[in-house]
Amino acid sequence: MSNESGLDALDREILFHLRQDGRLSNVELAKRVGLTPPPCLRRVRRLEEAGVITGYRAVIDPGALGRALEVLIDVEIYAQDRRTVEEFETTVASYEEVIEFRRMYGRPDYFLRVAVADHTAYEAFLMGRLSGLPAVLRLESHLTMKTIKADR
């Protein structure tokens, strides 16, 4: 069941409701999808065991953690040898400010989403940590005007 084609309509309905509220009780979830609790729980467990549901987590307001400024960064690197790429990825992945890190096809080479307290903290991160890495060729920052949709 590693792909969507193995999911039936009830599985998709269960996933929809759990994405909206991962804290739903099994009884409430069963009611919403039109099942009794035991078969609903069996389906949820099957989805968990198959790796379709990979976990449950709290969505936390970044401002409450002192990280109200979120910046998207395109990163291009000059080197493509395995060692340099691995060192770059390991280093960037270790930064607490980096909340999403993707290697891309084409350009840019990488996409980062960072969360910091404010513009001063972002400048310190960018100039003090990221831009100083040996592999970095180019950085382009994008500040969000408004988040229209975010699936967290």
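**View 1. The stretch that UniProt lists as "domain: HTH asnC-type" covers residues 7–68.** The UniProt entry behind this label is unreviewed, and the model shown here is a predicted one. Over residues 7–68, the chain is 53% helix and 0% strand. If you look for the two ends of this stretch, their C-alpha atoms are 37 Å apart.

**View 2. Helix H2, residues 26–33, has its buried residues on the same side.** Which residues of H2 are buried? They are Leu-29, Ala-30 and Val-33. These residues cover an arc of only 100 degrees around the axis, which puts them on the same side of H2. Turn to the other side of the helix and you will meet Val-27 and Lys-31, both exposed. The cover over the buried residues of H2 includes two other helices, H1 (9–20) and H3 (37–49). Just after H2 comes Gly-34, with a positive phi of about 80 degrees.

**View 3. Glu-97 sits in the loop between helix H4 and strand S2.** Helix H4 spans 82–94 and strand S2 spans 98–103. Is Glu-97 buried or exposed? Its relative accessibility is 15%, and because buried means under 20%, Glu-97 counts as buried.

**View 4. The side chain of Glu-97 meets that of Arg-129 in a polar contact.** Here the two side chains come to 2.9 Å. Arg-129 is also one of the residues that Glu-97 touches when those up to four places away in sequence are not counted. The others are Arg-67, Arg-113, Val-114, Ala-115, Val-116 and Phe-125.

Notes: Residues are numbered from 1 along each chain as its sequence is written. This is a predicted model: local features need pLDDT of at least 70, side-chain atom pairs count only at pLDDT 80 or more; totals for chains, interfaces and linings use all residues. Side-chain values use heavy atoms; hydrogens and water are left out. Buried means under 20% relative accessible area, exposed over 50%, partly exposed in between (1.4 Å probe, protein chains only). Helices (H or I, at least four residues) and strands (E, at least two) are DSSP runs, numbered from the N terminus. The arc is that of the directions from the helix axis to the C-beta atoms. Contact means heavy atoms within 4.5 Å. A polar contact is a pair of N or O atoms within 3.5 Å; within protein, one must be able to donate a hydrogen and the other to accept it, and residues adjacent in sequence count only if both atoms are side-chain atoms. UniProt positions are given in the numbering used here, feature names are shortened, and annotations may be inferred rather than shown by experiment.
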